[in-house]
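I opened the notebook to record what I looked up in this model. The entries follow the order in which I checked things.

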Amino acid sequence: MAEMGSKGVTAGKIASNVQKKLTRAQEKVLQKLGKADETKDEQFEQCVQNFNKQLTEGTRLQKDLRTYLASVKAMHEASKKLNECLQEVYEPDWPGRDEANKIAENNDLLWMDYHQKLVDQALLTMDTYLGQFPDIKSRIAKRGRKLVDYDSARHHYESLQTAKKKDEVKIAKAEEELIKAQKVFEEMNVDLQEELPSLWNSRVGFYVNTFQSIAGLEENFHKEMSKLNQNLNDVLVSLEKQHGSNTFTVKAQPSDNAPAKGNKSPSPPPDGSPAATPEIRVNHEPEPASGATPGASIPKSPSQSSLPAVVVETFSATVNGTVEGSSGAGRLDLPPGFMFKVQAQHDYTATDTDELQLKAGDVVLVIPFQNPEEQDEGWLMGVKESDWNQHKELEKCRGVFPENFTERVQ
């Protein structure tokens, strides 16, 4: 019996809820059709608009903050990999190795600390701030339903009062339902009327605190990171002083007329063969060639010299306008400064306006760079033989190309 009674109560409650929904739906239809008036509160509606705007802004800020944190984590990983690379290439007998390793460790710790503080002082605060919106949003929706119930009870009571045949019992019951509906609605309405303006005003302080925290954390992070970078720079300067006496750093400076190449790296040939990158050694005191006087000697031939062919012949081309061993020196049917010929072994697609487009089999007449400092390792300057024979205009036809896509033929 108890179980049946419980089921009966449950069934009755369900039926009551269904009836409420039907009554609300009917009331809303009548209001939309203009057959029933609707209680309006413009001040409250403005509060609801502000609430929705505040929720939208807060949700966006939370999303962007999470994106920022993801970027910080990605930068941390990239910085860690970079430092690991430095540790691997830093040989054990080089001075400052221990200091460099310690700097890398501190760098890693600094990134971790920065990320964690952003989570604690910004993201968690952001989550707490947004955590109050779902409940209020639910109560706003419930208030709307209770307002419809109140309007429906009011209209029912008014219709009974204006009826030609009045039923006092029904009128009394309707009045009781109206008072009850009004009380429930007003209790929710009063609470929200107080909370919504307060929540709206709180956004200013929240935005200030959040962005102040982020700005302060980022400022301190960069200060500490700057110190570590300066320490690393000092270590590398010390290394350069002790081990850099025989090294030369060549930095190409762009000329006024030609764009800088930006340290081009030639692509590997399609067959996967390694790039022909010659080792460059600078001799402080080059030995004069046999039979030549010191200071006016022409460099050795490419097969004998410690310099790569392109360096030897580029230099040779600038000495009295001739090239040693080149049958094309001074010939009118070849471009000025012609050094040697190469033939393309693979197709090469130009990626810049100053590059040559090559097809396998194309013959290229190699000439020196106007400014040798503009030459990037692994690249040659030249003009395709077909273009030169047709136009004889060096300025329009010449361009750079990757040496490892070609093979010398003369």
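**Asn107.** I started with a single residue: is Asn107 buried or exposed? Its relative accessible area is 7%. The cut-off for buried is under 20%, so Asn107 counts as buried. I note that the model is predicted, and every value here is computed from it. I placed Asn107 in helix 3. Next I asked which residues Asn107 touches, leaving out those up to four places away in sequence. I found Ser79, Asn83, Met225 and Leu228. Ser79 and Asn83 fall in helix 2, which covers residues 42-89.

**Gln121.** I then moved along helix 3, residues 97-130, to Gln121. The relative accessible area of Gln121 is 37%. That value lies between the 20% and 50% limits, so I logged Gln121 as partly exposed. With residues up to four places away set aside, Gln121 touches Ser213 and Leu217. I also checked Asn209 against Gln121. The two are 88 residues apart in sequence, and their C-alpha atoms are 9.3 Å apart in space.

**Helix 2.** I went back to the helix that holds two of the partners of Asn107. How far does helix 2 reach from its first C-alpha to its last? I read 71 Å over 48 residues. The expected figure at 1.5 Å a residue is 70 Å, and the helix comes close to it. I looked at the N-terminal end of helix 2 as well and found Asp41 acting as the cap. A side-chain oxygen of Asp41 lies 3.3 Å from the backbone nitrogen of Gln43.

**The sheet.** I turned to the strands. In what order do the five strands of the open sheet lie? I wrote down 4-3-2-1-5, with antiparallel pairing. Strand 4 (399-402) and strand 5 are the edge strands, each pairing on one side only. From one strand to the next, the twist averages 50 degrees.

**Strand 1 and its neighbours.** I took strand 1, residues 340-344, for a closer look. Four of its five residues are buried, so I noted this strand as mostly covered. Strand 1 runs antiparallel to strand 2, residues 363-367, and four bridges join them. Across that pair, Phe340 stands opposite Val366. With strand 5, residues 406-408, strand 1 makes three bridges, again in the antiparallel sense. There I found Ala344 opposite Thr406.

**Strand 2 to strand 3.** I followed the sheet the other way. Strand 2 pairs with strand 3, residues 379-384, in the antiparallel sense. I counted four bridges between them. For Ile367, the bridge partner in strand 3 is Met381.

**Whole chain.** I closed with the totals. How many helices and strands does the chain have? I tallied eight helices and five strands. From the N terminus on, the elements run α-α-α-α-α-α-β-β-β-α-α-β-β. The chain has 410 residues, and 32% of them are buried. The exposed area is about 26,600 Å², with 53% of it supplied by carbon and sulfur atoms. I also checked contacts with a separation of 6 or more. Of these, 70% are between residues 24 or more positions apart.

How values were computed:
Residues are numbered from 1 along each chain as its sequence is written. This is a predicted model: local features need pLDDT of at least 70, side-chain atom pairs count only at pLDDT 80 or more; totals for chains, interfaces and linings use all residues. Side-chain values use heavy atoms; hydrogens and water are left out. The expected span of a helix is 1.5 Å times one less than its number of residues. A polar contact is a pair of N or O atoms within 3.5 Å; within protein, one must be able to donate a hydrogen and the other to accept it, and residues adjacent in sequence count only if both atoms are side-chain atoms. Buried means under 20% relative accessible area, exposed over 50%, partly exposed in between (1.4 Å probe, protein chains only). Two strands pair if DSSP finds at least two bridges between them. Contact means heavy atoms within 4.5 Å. Accessible areas come from the Shrake-Rupley method with a 1.4 Å probe; for residues, only the protein chains shown count as cover. Axes are lines fitted to C-alpha atoms, for helices over the stretch in contact, and angles run from 0 to 180 degrees between N-to-C directions.
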